[in-house]
Amino acid sequence: MLTARTLAEAEVYLSVLATAVEAPRVTATPEITLTEGQDGWTVSSPYGEVQVLYRTEEAARLSEARFGLANSLLLDAGDWVQLASVWARRAQDADLEYTGQPGQDRAPVELNWEFARDAMLEALKFLPDGADEVPDEGFWTELGLRTHEMDRELFTRERLTEDYEFYRDTLIDFRKLYGEA
């Protein structure tokens, strides 16, 4: 069975699988079942199963690493860059609609910027120390390989860092403008 580092990574991975199987129909996370075992959870959906060990989930939570420590074994650098851009577009759309009026939900803005930022951190993990770009070994999924082939510049240290900083700083600016939630 495949292993995710965190429950969040498992859910994202199963969502990516659902989209790959049913695109463009799937617009939400597939129904997920969580089963507890001795060493961890089994996260199941109609598209597959993923195991999440209690110890890797706890380590990630303690480090505030939403998707886990080390590199993902499920999603490659190209997947994470694509996911970051999707979440950033959602954040921008939600941000354009948000005016700070009482009763308005700001969570879609903040969560999507957080997820975009965190996805870029995941892509950055595929950069070896001192490397200027993600090596070919950082791409193995169909989407990741296609994304890399279409625009290799997306995977340079400079571009990954710029995108990460943009998502991070935009979230910070939003919170400065509207206050902490």
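## Exercises on salt bridges, sheet and core

Arg5 is buried, with a relative accessible area of 9%. Buried means under 20% relative accessible area, exposed means over 50%, and partly exposed lies in between (1.4 Å probe, protein chains only). The model is predicted: local features need pLDDT of at least 70, side-chain atom pairs count only at pLDDT 80 or more, and totals for chains, interfaces and linings use all residues. Residues are numbered from 1 along each chain as its sequence is written, and side-chain values use heavy atoms, with hydrogens and water left out.

**Exercise 1.** Find the salt-bridge partner of Arg5, and state whether this partner is buried or exposed.

*Solution.*
- Step 1. Apply the rule: a side-chain nitrogen of Lys or Arg must lie within 4 Å of a carboxyl oxygen of Asp or Glu. By this rule the model has 15 salt bridges.
- Step 2. Look around Arg5. The partner is Glu9, with the closest N and O atoms 3.1 Å apart.
- Step 3. Check the partner's accessibility. Glu9 is buried, at 0% relative accessible area.

**Exercise 2.** Work out which parts of the chain are tied together by the salt bridges of Arg66 and Arg175.

*Solution.*
- Step 1. Fix the elements. Helices (H or I, at least four residues) and strands (E, at least two) are DSSP runs, numbered from the N terminus.
- Step 2. Take Arg66. Its salt bridge goes to Asp118, with the closest N and O atoms 2.6 Å apart. Arg66 sits in the loop between helix H2 (54-63) and helix H3 (77-97), while Asp118 is in helix H4 (residues 107-124), so the pair ties together parts that are 52 residues apart in sequence.
- Step 3. Compare accessibility. Arg66 is partly exposed, at 25%. Asp118 is buried, at 9%.
- Step 4. Take Arg175. Its partner is Glu110, with the closest N and O atoms 2.7 Å apart. Arg175 belongs to helix H6 (residues 157-178) and Glu110 to helix H4, so this bridge ties together parts that are 65 residues apart in sequence.
- Step 5. Join the results. A network of salt bridges links Arg66, Arg106, Glu110, Glu114, Arg117, Asp118 and Arg175.

**Exercise 3.** Derive the strand order of the open sheet, and name its edge strands.

*Solution.*
- Step 1. Recall the rule: two strands pair if DSSP finds at least two bridges between them.
- Step 2. Start with strand E1 (residues 2-4). Three bridges join E1 to strand E4 (residues 48-53), and the two run parallel. Leu2 stands opposite Val50, and Ala4 opposite Val52.
- Step 3. Move on to strand E3 (residues 40-45). E3 pairs with E4 in the antiparallel sense over six bridges. Thr42 has Gln51 as its bridge partner. E3 and E4 form a hairpin, with two residues between them.
- Step 4. Write the order. The open sheet of four strands reads E1-E4-E3-E2, with mixed pairing. Its edge strands are E1 and strand E2 (33-36), each pairing on one side only.

**Exercise 4.** Describe the largest nonpolar core and the contacts of Val134.

*Solution.*
- Step 1. Define the set: buried Ala, Val, Leu, Ile, Met, Phe, Trp, Tyr and Cys residues joined through side-chain atoms within 4.5 Å.
- Step 2. Find its centre of contacts. The core has 43 residues, of which Trp80, Trp87, Val134 and Leu160 touch the most other members.
- Step 3. Trace its sources. Helix H1 (7-22), E3, E4, H3, H4 and H6 each supply at least two residues. The largest share, nine residues, comes from H3.
- Step 4. List contacts, meaning heavy atoms within 4.5 Å. Not counting residues up to four places away in sequence, Val134 touches Ala77, Ala123, Phe126, Leu127, Phe139, His148, Phe155 and Leu160.
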